[in-house]
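Q: Please take a close look at one helix and the packing around it, then follow the trail outward. Begin with what counts as a touch between residues.

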Amino acid sequence: MLTLERLRQLNPEVTCVAAEEHRFLVQESIEAADVSGTQLLEPVARNTAAAMAAIALLAEPDQLLLFAPADHHIPDAERFVATIRKGVPAALAGHLVTFGVEPTFPSTAYGYIRQGAALDPGLGEEAGHRVAAFVEKPAAAMAEQLLLSGGHLWNAGILLVQARVLIAALQEHAPDILQSCRQATAAVHTDGDFLRMDAAAFSRCRSQSIDYAVLEKCDMVAVLPFQGRWSDVGSWNAVADLHDADDSGNRISGQGYAMGATNTFVYAPNRPVVALGTKDLLVVDTPDALLVAHVDCAEQVKDAVTLLTTQGHSQATRHRRIPRPWGAYDSVDDGERFAVKRLTVKPGAHLALRMHHHRAEHWVVVKGTARVLCDGQTCLVREDESIYIPMGATYRLENAGKTVLEVIEVQTGSYLGEDDIVRFEDVPPGLPDKDRKLA
């Protein structure tokens, strides 16, 4: 959301490239940031070159495109916007303009950009430099050397370029990626707020970053320095650095406490977590799972996720809280033959007409007013009231009020999987056709 709010200062119309399973989470951020957002959904992950190629192919040839990762922390939004605007003349002159961050320490977690000759002064006094070379994430000694030598910037992965310029560069340096994306976008279709590409064509695309595929091979790449605070928040160490340290080097987020601890980060947004006598640890407590790691192992979290995935733990791939078009549901508890969820339904929103073969549901309204259709009968269920939905019944839940509806749902039955939902396309009375959603 913070990234979208920052970009809104440049243009309130934003396109997000997102994975299918993240689309409702991204939609929440779009609505919260108050931008006009469209999502281009990736059937499979194919890195940044394919994502950028697809966007460029869908844009007008002379359209100026700014590609910005979603996970950057840039507190000085005004300085960021001013830096991007300085790059516009160079981008309009045919350069692929990237933005580098003035390094503050010899980081081994970031790639570097070596600045070359200054661009034509006619593009502005602060138009930037040509890129002399891209440097891979260095070892500690090399990082120190790069910092001391000067002329090197951290690679922020932000790119400003005209659509036709990017397409031409892809055609020259990565024609196979461009061809796959041409085929995928030729069959793009609109599905509500989402754009969907041809899945088979996009899946055939080679997976490679835009840096490897194009930027490192192209002569027309320029770089502008950004001198504000920046982090790509790529690890829990980076998240920890966003918080102020106490006298013992501890950093706390939420309901965390450090007692006799040193250099410990505690992330506790939901419940009290106490670090007692710890040293050099990351303690991350989320509704999905608990992580305790040495600070030197922050980059190995992906290995822990792989372990949980291979062991069949759904928390590795699916959050407890799941956004939906109508709101969200939070899986509070589950056991043999029962599950408890907390539903939040936006004002005026509704769940599609549906039924279940293997479970019944009991709803208790704790906030707001629900309009419930069950087997053709409609009733209002208010706060502190409940309703029973028998197994096999055809029903729909709608928020009949002007505030968020909160419902505690208790499911009982022999099978409680999400695939035991038979959805019927429908629109409640009074809602326009554009609000038809299967959810």
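A: Two residues are in contact when heavy atoms come within 4.5 Å. That cut-off underlies what follows. The model is predicted.

The helix is α7, residues 163-173. Its buried residues are A163, V165, L166, I167, A169, L170 and H173. The cover over them includes helices α3, α8 (175-186) and α10 (210-213). Strands β3 (64-67), β4 and β7 also belong to that cover.

L166 shows how these pieces meet. Setting aside neighbours within four places in sequence, L166 contacts M52, A56, F67, L96, V161 and I210. M52 and A56 fall within α3, which runs from 47 to 58. F67 belongs to β3, and I210 belongs to α10. L96 sits in β4 (96-101), while V161 sits in β7 (152-162). One side chain thus ties into much of the cover named above.

Now the core. The largest nonpolar core has 40 residues. L166 is among those with the most contacts inside this core, along with L96 and V214. Helix α3 gives the most to this core, at seven residues. Another core lies apart, with 26 residues. Its members include L7, Y110, A156 and F226.

A156 and F226 lead to the next feature, an enclosed void. Rolling a water-sized probe over the atoms shows where empty space is left. The structure holds one cavity of 30 Å³ or more. Its volume is about 60 Å³. The lining consists of I74, F80, T83, I84, F99, V101, A156, I158, F226 and W230. The elements giving two or more residues to this lining are α4 (77-86), β4 and β7. Helix α4 gives the most, with three. What is the lining by class? Nine of the residues are nonpolar, one is polar and none is charged. Strands β4 and β7 therefore appear twice in this account: they help to cover α7, and they help to line the cavity.

The lining residue I74 leads on to R229. R229 lies in the loop between β10 (221-226) and α11 (236-241). Leaving aside neighbours within four places in sequence, R229 touches H73, I74, P75, D241 and L242. The pair R229 and P75 is 154 residues apart in sequence, yet 6.7 Å apart in space, C-alpha to C-alpha. The side chain of R229 also reaches the backbone oxygen of D241 at 3.5 Å. Buried or exposed? R229 has 46% relative accessibility, so R229 counts as partly exposed.

A second helix offers a parallel case. Helix α2 spans residues 23-33. Its buried residues are R23, F24, V26, Q27, I30 and A33. Their cover includes α1 (2-8), β1 (13-19), β2 (36-42), β9 (194-196) and β15 (321-324). After α2 comes D34, with a positive phi near 60°.

Other positive phi values turn up in loops. N263 has phi near 45° and is not glycine. N263 sits in the loop between β11 (251-259) and β12 (265-276). At 36% relative accessibility, N263 counts as partly exposed. D280 has phi near 55° and lies in the loop between β12 and β13.

Strand β13 (281-285) holds D285. What makes D285 count as buried? Its relative accessibility is 3%, and the cut-off for buried is under 20%. The side chain of D285 makes a polar contact of 2.8 Å with that of R271. Leaving aside neighbours within four places in sequence, D285 touches Y267, A268, P269, R271, V273 and L290.

One more distant pairing is worth a look. L353 is in strand β18 (353-355) and counts as buried at 16% relative accessibility. L353 and Y395 are 42 residues apart in sequence, but 5.6 Å apart in space, C-alpha to C-alpha.

Finally, the whole chain. The protein chain has twelve helices and 25 strands. Of its 439 residues, 43% count as buried. Among contacts with a separation of 6 or more, 64% join residues 24 or more positions apart. The C-alpha atoms fill a box of roughly 75 × 60 × 40 Å along the principal axes.

Definitions and conventions. Residues are numbered from 1 along each chain as its sequence is written. This is a predicted model: local features need pLDDT of at least 70, side-chain atom pairs count only at pLDDT 80 or more; totals for chains, interfaces and linings use all residues. Side-chain values use heavy atoms; hydrogens and water are left out. On a 1 Å grid over the protein atoms alone, a cavity is a set of points where a 1.4 Å probe fits but cannot get out, and a pocket is an open set with protein on both sides within 12 Å along at least five of seven lines; lining residues have an atom within 4 Å of a point. Grid points are joined across faces, edges and corners, and a volume is the space filled by probe spheres set on the points. Helices (H or I, at least four residues) and strands (E, at least two) are DSSP runs, numbered from the N terminus. Ala, Val, Leu, Ile, Met, Phe, Trp, Tyr, Cys and Pro count as nonpolar, Asp, Glu, Lys and Arg as charged, and the others, Gly among them, as polar. Buried means under 20% relative accessible area, exposed over 50%, partly exposed in between (1.4 Å probe, protein chains only). A nonpolar core is a set of buried Ala, Val, Leu, Ile, Met, Phe, Trp, Tyr and Cys residues joined through side-chain atoms within 4.5 Å. A polar contact is a pair of N or O atoms within 3.5 Å; within protein, one must be able to donate a hydrogen and the other to accept it, and residues adjacent in sequence count only if both atoms are side-chain atoms.
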